[in-house]
Amino acid sequence: MMNNFRNEQARLLHQIDLISFVIVEMNLYLDTHPDDSEAVEYLKHYAHMKNQAMREYASKYEPLTVDTANASSAKEWVWATSPMPWEGGCN
């Protein structure tokens, strides 16, 4: 499958979306299969991947969540002043 993204920022945001979907689905699965240790490890792996991607996004662009605001390279508090992706932040 080939994706055509406008830029690196859009590609990284798409990656975060995909990983987030996996995490939500794994949470739902684990609600009914709490003893599945392989699924727990799978969830931990994707949670780690999401944390890395969120920190990368914050350091290159702006934080998507307040808990990644400190990963931003800006010297001021950009959380409230940067456009969010749904406000055209990836254009």
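**Reading a predicted model: helix α2 and its partners**

Mentor: In helix α2, the buried residues are Ala 39, Leu 43, Ala 53, Met 54, Tyr 57 and Ala 58. Please keep in mind, as we go through them, that this is a predicted model.

Trainee: Which helix do the buried residues of α2 pack against?

Mentor: The general idea is that, in soluble globular proteins, nonpolar side chains tend to be buried together. In this structure, the buried residues of α2 pack against α1.

Trainee: Which residues make up the largest nonpolar core?

Mentor: That core has 7 residues, namely Leu 12, Leu 13, Ile 16, Ala 53, Met 54, Tyr 57 and Leu 64. Helix α1, which covers residues 8–32, and helix α2 each supply at least two residues of this core. Apart from it lies another core, this one of 6 residues, which include Ile 23, Met 26, Ala 39 and Leu 43.

Trainee: If I wanted to follow the contacts of single residues, what would Ile 16 and Met 54 be in contact with, leaving aside neighbours within four places in sequence?

Mentor: With those neighbours left aside, Ile 16 is in contact with Ala 53, Met 54, Tyr 57 and Leu 64. Met 54, which lies in helix α2, is in contact with Ile 16, Leu 64, Thr 65 and Thr 68 when its own neighbours within four places are left aside. Because its relative accessibility is 8%, Met 54 counts as buried. You can also compare sequence with space: Met 54 and Gln 15 are 39 residues apart along the chain, while their C-alpha atoms are 9.8 Å apart.

Trainee: How many residues does α2 have, and what length does it reach?

Mentor: Helix α2 has 24 residues and reaches 35 Å from its first C-alpha to its last, which is close to the 34 Å expected at 1.5 Å a residue. At the N-terminal end of α2, Asp 36 acts as a cap, with a side-chain oxygen lying 3.2 Å from the backbone nitrogen of Glu 38.

Trainee: How should I read a pair of aromatic rings?

Mentor: A pair of aromatic rings is described by the distance of the centres and the angle of the planes. The structure holds 2 aromatic pairs. In one of them, Tyr 42 and Tyr 46 have ring centres 4.9 Å apart and planes at 50°, and this pair is tilted. The other brings together Tyr 57 and Tyr 61, whose centres are 5.1 Å apart and whose planes also meet at 50°, so this pair is tilted.

Trainee: How does the spacing along a helix matter here?

Mentor: An α-helix has 3.6 residues a turn, so residues three or four places apart point the same way. Tyr 42 and Tyr 46 are 4 residues apart in helix α2, which spans residues 37–60, and they are therefore separated by about one helical turn.

Trainee: Are Tyr 42, Tyr 57 and Tyr 61 buried, partly exposed or exposed?

Mentor: Tyr 42 counts as partly exposed because its relative accessibility is 39%. Tyr 57 has a relative accessibility of 0% and so counts as buried, whereas Tyr 61, at 26%, counts as partly exposed.

Trainee: How many salt bridges does a search of the whole structure find?

Mentor: As a general idea, side chains of opposite charge can pair when their charged atoms come close. Here the search finds 3 salt bridges. Arg 11 forms a salt bridge with Glu 8, with the closest N and O atoms 2.6 Å apart, and the two residues are 3 places apart in helix α1, so they are separated by about one helical turn. Arg 11 is partly exposed, with a relative accessible area of 31%, and Glu 8 counts as partly exposed at 33%.

Trainee: Which side chains in helix α2 meet in salt bridges?

Mentor: The side chains of Glu 41 and Lys 44 meet in a salt bridge at 3.5 Å, N to O, and these residues lie 3 residues apart in helix α2, about one turn of the helix. The side chains of Glu 56 and Lys 60 meet at 2.8 Å, N to O, and these two lie 4 residues apart in helix α2, again about one turn.

Trainee: Where is Glu 62 found, and which side chain does a polar contact join to Glu 62?

Mentor: Glu 62 is found in the segment after α2. Its relative accessible area is 10%, so Glu 62 is buried, and a polar contact of 3.5 Å joins its side chain to that of Gln 9.

Definitions and conventions:
Residues numbered from 1 in each chain as written. Predicted model: local features only at pLDDT ≥ 70, side-chain atom pairs only at ≥ 80, totals over all residues. Heavy atoms only, no water. Phe/Tyr/Trp six-rings, centres within 6.5 Å; stacked < 30°, edge-to-face > 60°. Buried < 20%, exposed > 50% of the residue type's maximum accessible area, 1.4 Å probe, protein only. Core = buried A, V, L, I, M, F, W, Y, C linked by side-chain atoms within 4.5 Å. Contact = heavy atoms within 4.5 Å. Polar contact = N/O pair within 3.5 Å; in protein donor to acceptor, adjacent residues only side chain to side chain. Salt bridge = Lys/Arg side-chain N within 4 Å of Asp/Glu carboxyl O. Expected span 1.5 Å × (residues − 1).
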